[in-house]
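Trainee: I should like to learn how to read the features of a structural model. May we take one example and work through it together?

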Amino acid sequence: MKRIINEMKLRLPAISVNESVCRSIISAFCAELNPTVEEIGDLRCAVSEAITNCIVHAYKGVSEMNPRYIYISARLYDTREVTVEISDNGCGIADVEAARMPSYTTGDGERSGMGFLVMESFTDSLSVKSKLGRGTTVLMRKSLSPERK
């Protein structure tokens, strides 16, 4: 049975500068597992995409009275697995399956609609849960290679 060796929770305002903050935090947090440069790059890309999606899409049409935050939790396991959960309390996604299809977008065509595909390509698994008017949660899992000596 895998055991949690470290975990963190973070709440940040949903503003664009925090996309790079989150990438840096995840890199530093995972460092104790001594991941490869490629593994850190993969996690940074996946986290960056998830955070950007929160900032760009989650709070579109949501009242200014509601707090606009991104919630991040991460865990490291003794099996060298990393999980990162990113959530918001924004508008939610009407059809998660459709949103996971390449080129799907609710925007004005300026975005590629590849967000979930990007996250999936850099992680071992991705799950998405969303409720209209309540927000979205993305859970990513990445297994790291055996520790180098």
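Mentor: Let us start with a helix and its surroundings. The model is predicted. The cover over the buried residues of α1 includes β1 (4–13), α2 (37–58), β2 (69–77) and β3 (81–88).

Trainee: Which residues of α1 are buried?

Mentor: They are N18, E19, C22, I26, S27, F29 and C30.

Trainee: How is a single buried residue to be read, for instance N18 in helix α1 (residues 17–30)?

Mentor: One takes the relative accessible area and then the contacts. A residue is called buried when that area is under 20%. N18 has 9%, and therefore counts as buried. Leaving out residues up to four places away in sequence, N18 touches L12, P13 and I51.

Trainee: What does the same reading give for E19, which also lies in helix α1?

Mentor: The relative accessibility of E19 is 15%, so E19 counts as buried. Apart from neighbours within four places in sequence, E19 is in contact with S48, I51, T52 and I55.

Trainee: And R23, another residue of α1: how does its accessibility classify it?

Mentor: R23 counts as partly exposed because its relative accessibility is 25%. Residues up to four places away aside, R23 touches R44, V47 and S48. The C-alpha atoms of R23 and L43 are separated by 8.0 Å, although the two residues are 20 residues apart along the chain.

Trainee: How does one check the length of a helix against what its residue count predicts?

Mentor: The expected span is 1.5 Å times one less than the number of residues. For the 14 residues of α1 the expected span is therefore 20 Å, and the end C-alpha atoms are 21 Å apart, which agrees. For the 22 residues of α2 the expected span is 32 Å; the end C-alpha atoms lie 30 Å apart, so here too the values agree.

Trainee: Which elements do the buried residues of α2 pack against?

Mentor: They pack against α1, β2, β3, α4 (115–122) and β5 (135–143). The buried residues in α2 are E39, I40, D42, L43, A46, V47, S48, A50, I51, N53, C54 and A58.

Trainee: Is V37 of helix α2 buried or exposed?

Mentor: V37 counts as exposed, because its relative accessibility is 75%. V37 and S27 are ten residues apart in sequence, and their C-alpha atoms are 9.9 Å apart in space.

Trainee: How should the packing of two helices be described?

Mentor: One gives the angle, the distance of the axes, the handedness and the residues in contact. α1 and α2 pack at an angle of about 145°, and their axes are 9 Å apart. Their crossing is right-handed. On the α1 side the contact is made by N18, E19, C22, R23, S24, I26, S27 and C30. On the α2 side it is made by I40, L43, R44, V47, S48, I51, T52 and I55.

Trainee: What should one look for in the backbone angles?

Mentor: Most residues other than glycine have a negative phi. An exception therefore deserves a note of its own. N34, which is not a glycine, has a positive phi of about 55°. N34 lies in the loop between α1 and α2, and is partly exposed because its relative accessible area is 30%.

Trainee: Where does R80 lie, and what is its phi?

Mentor: R80 lies in the loop between β2 and β3. Its phi is positive, near 70°, in a residue other than glycine. With a relative accessible area of 11%, R80 is therefore buried.

Trainee: How are aromatic rings to be read?

Mentor: A pair of rings is described by the distance of the centres and the angle of the planes. A search of the whole structure finds one aromatic pair. Charges over rings form a separate topic. The charged end of R11 sits over the ring of Y69, 3.9 Å from its centre. K2 lies over the face of Y77, at 4.6 Å from the ring centre.

Trainee: How many helices and strands does the protein have?

Mentor: The protein has four helices and five strands. From the N terminus on, the elements run β-α-α-β-β-α-α-β-β. Of the 149 residues, 39% count as buried. Among contacts with a separation of 6 or more, 65% join residues 24 or more positions apart.

Methods:
Residues are numbered from 1 along each chain as its sequence is written. This is a predicted model: local features need pLDDT of at least 70, side-chain atom pairs count only at pLDDT 80 or more; totals for chains, interfaces and linings use all residues. Side-chain values use heavy atoms; hydrogens and water are left out. Rings of Phe, Tyr and Trp (its six-membered ring) pair if their centres lie within 6.5 Å; planes under 30 degrees apart count as stacked, over 60 as edge-to-face and the rest as tilted. A charge sits over a ring if NZ of Lys or CZ of Arg is within 6 Å of the ring centre and within 35 degrees of the ring normal. Buried means under 20% relative accessible area, exposed over 50%, partly exposed in between (1.4 Å probe, protein chains only). Contact means heavy atoms within 4.5 Å. Axes are lines fitted to C-alpha atoms, for helices over the stretch in contact, and angles run from 0 to 180 degrees between N-to-C directions. A crossing is left-handed if the near helix is turned anticlockwise from the far one by less than a right angle, and right-handed if clockwise.
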